[in-house]
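Biologist: I have a new structure open and I'm not sure how to read it. Could you walk me through a few features, one at a time?

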Amino acid sequence: MDASTLSNYLADSPPTVVRLEIAPHFAALNPQQKRYAHHLSRAAFHGTRITLAQVSSESVPIYDLIVAIHKACDGDYKKLVEKTGASEEHVRQWLEYAAQFLGNCGNYKGFGDSKFIPRMAAEELQKISNVSAEAKRLFEKAQSTGGGIYETKKAGLMHLGYPDQGHMSTYYPDSEGITKEEIQVVGDVLEGKGLPIENTRLRKTKDGDFELLVASADEPTGDERDLKGVEEIDLTGNLEGKKLTFVFGDYREQMAAVEREIKLAEKAALNDKEAKMMAEYAKSFGKGSIEAYKESQRWWIKDKKPMVETDIGFVETYRDPHGVRGEWEGFVAMVNLERTKAFEKLVNAAGTFIPKLPWSTVFEKDKFLSPDFTSLEVLSFAGSGIPAGINIPNYDDIRQNLGFKNVSLGNVLSAKAPKEPIPFIRDADDEVYRSCRDPAFEVQVGIHELLGHGTGKLLQETSPGTYNFDVKNPPLSPITNEPVQTWYKPGQTWSSVFGSIASSYEECRAECVAMALSCEFDILALFGFSSSSASSSKEDLLTSPAGDVLYVGYLQMARAGVAALEYWDPKSKKWGQAHMQARYSILRTFLSAGGDFCQLKHTKDDLSDLEIHLDRSKILSHGRPAVEAYLQKLHVYKSTADVEAGRKLYEEITGVDEWWAEKVRPVVLSKKQPRKVFVQANTVLDEAGHVRLVEYEASCEGMVRSYVERDV
């Protein structure tokens, strides 16, 4: 790998380290609520080593190396210089790498899935590691495990993806030669038996058979398994003659620690619904049951407006290249009652806005299941990164029949980094962009989560011969004006049918809903942004304070679409981040809207002065219609399980041609800004049963100390 390419994989210097402010919200809890939050937080973070192991095999020893070096110098990094002879600059570079590693819970970016390495040479880190015998041992282990800390020669290993394509994935461990097709066949067999596999990994044995590794603290009895009494399955198709054996106890030590804390949280639960949710969690994490986990989610949905909100488990499937296995994560948060009011207004008005989306009622749920939509202040978020909003659970049968929850993470949205340049935004737009980007993003997150992920019906054969639509008179597709010819068969889910593109495709659909409905000024008014003019003309609305928020929302999406190219790898031709692939496609939609609505302008041949020019006056006349035309296709193809048309549409619009790859992407890389990493507080339970909050400074040292004292 040449030096210019390698520079793209160096750790940020400095990383943008911010503190997740929580003290006032935690202080407002009563003692029982604090104990409940404490045990949940501990449970979430006990899964840290699971997340690390899901990122790369070398991530666990790197984590241990970070802890060992910190302990060897008692957290005083000046001592590290004195003890090892390392330079202050190299110690600083190590701390910057360590903070970014902890912020991403591994040595691949949580947002982008690309590897990053320290800025100092390996021999300099080896010198630092000589601070203790344990650190020296761990450095050698980290270097010799998996891809190692510094491996850059194998270009494929610089990104997460399918092993048979040369990429890094630990969802298929010790599986030499395992192929994408084999993963698909095993998945199809399990899907046919109705077994969700979010909490599993898949191993191919040397004799060509397969093992399904199930995360659990214990070995369940035959009756405790989701597939009662089943120990192995005969595979079919190209794998006929091969067997799949169930192996429980994956991540046994961590799952046992999680289960212990969950049982303590159950004792401190604030109501019966939370107690039952904890009991199902314990069963799931103890015995490896996804059915128990799904039951926990049913109780979670019923627990409306809790003071302490949480969800923990193998949740999102973004990082499994096959898009079906979940990454460990968990959050614990306090409700911000004041900010929640706007989201409650949006929920109450949802029935007014859903009919404005570009599809008929046959492609929409028979009844909108009003969710709990809250603004939360995060105490703890264990995982590879913290999103701005969440819409879960991800199980179609629960979402379609019982509903879901939306949360906006307020202290994540409001966490501020020092003022920095904003690439690709014109000077003329700088002031309005800076003043409106936070409210515009909050509106976008609100619509995205509630009316994006929360809308839409899957046309299904729910069981053999039973349909949730009139199969004898199938609805007309608004795209072809012909009766639809595809739908979901029994046992099929959105993720299983659309596979590797499902996550990004669904994020794109939700983002398009946000772009379309943010043009509804009544929605903007719910968030406190209204026109200052008595006139209802489009011109007055677009130049009002609400118009500023709308304009910046569109401008922000366009900028994200340009910046997305950081997350596209030219060697593998692969996108490394679901949301950014989606945003790139929406930028392409803006650019093709006509009427010079959105243009990328520059005066220099190297595009170093590239700027986004977006015509505010044409958002309603050109921008929204273009987005809605794209959205309609995304939605109908999803609703009807038309994976062939959906994949063709999405892969074409997210394709990166020579101009984007060779002209625009180098500019994006030269101007990229470090993503924020969040220093989170800890909670400590004393002998008297009182819970104390421990906060840390917003620095690399503070980030490392927070994890060392978390003791996971």
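Modeller: Sure, and keep in mind that this is a predicted model. Let's begin with cysteine 73: its sulfur is 14 Å from the closest cysteine sulfur, the one in cysteine 700, and that is too far for a bond.

Biologist: What kind of bond do you have in mind?

Modeller: A disulfide is a covalent bond that links the sulfur atoms of two cysteines. To count as one here, the two sulfurs must be within 2.5 Å. Cysteine 436 misses that too, because its closest cysteine sulfur, in cysteine 519, is 15 Å away.

Biologist: How many disulfides does the structure hold, then?

Modeller: Zero.

Biologist: And is cysteine 73 buried or exposed?

Modeller: The cut-off for buried is under 20% relative accessible area. Cysteine 73 has 0% relative accessibility, so it counts as buried. Cysteine 436 is buried as well, at 9%.

Biologist: How should I read the inside of a protein more broadly?

Modeller: In soluble globular proteins, nonpolar side chains tend to be buried together. In this model the largest nonpolar core has 106 residues, and Trp94 and Ile262 have the most contacts inside it.

Biologist: Where does this core lie relative to domain 1 and domain 2?

Modeller: Between them, because domain 1 (3-20 + 46-152 + 691-710) and domain 2 (180-252) both give residues to it. Apart from this core lies another one, of 101 residues, including Tyr488 and Met580.

Biologist: What does isoleucine 262 touch?

Modeller: Skipping its neighbours within four places in sequence, isoleucine 262 is in contact with several residues, among them Leu40, Met278, Phe285 and Ile312.

Biologist: Now for annotations. Which residues does UniProt list for "binding site"?

Modeller: The unreviewed UniProt entry lists His448, His453 and Glu507. They are spread over 60 residues of sequence, yet they cluster in space, with a largest C-alpha distance of 8.4 Å.

Biologist: Where is histidine 453 found?

Modeller: In the loop between helix 18 (427-452) and strand 11 (461-463). Histidine 453 counts as buried because its relative accessibility is 9%. Leaving out residues up to four places away in sequence, histidine 453 touches His448 and Glu507, and also Asn391 and Arg399, among others.

Biologist: What about glutamate 507?

Modeller: Glutamate 507 lies in helix 20 (residues 502-517), and at 6% relative accessibility it counts as buried. Beyond its neighbours within four places in sequence, its contacts include His448, His453 and His579. The side chains of glutamate 507 and tyrosine 318 are joined by a polar contact of 2.7 Å.

Terms used. Residues numbered from 1 in each chain as written. Predicted model: local features only at pLDDT ≥ 70, side-chain atom pairs only at ≥ 80, totals over all residues. Heavy atoms only, no water. UniProt positions renumbered as here; feature names shortened; annotations may be inferred. Helix = DSSP H or I, 4+ residues; strand = E, 2+ residues; numbered from the N terminus. Buried < 20%, exposed > 50% of the residue type's maximum accessible area, 1.4 Å probe, protein only. Contact = heavy atoms within 4.5 Å. Polar contact = N/O pair within 3.5 Å; in protein donor to acceptor, adjacent residues only side chain to side chain. Core = buried A, V, L, I, M, F, W, Y, C linked by side-chain atoms within 4.5 Å. Domains from an automatic or database assignment.
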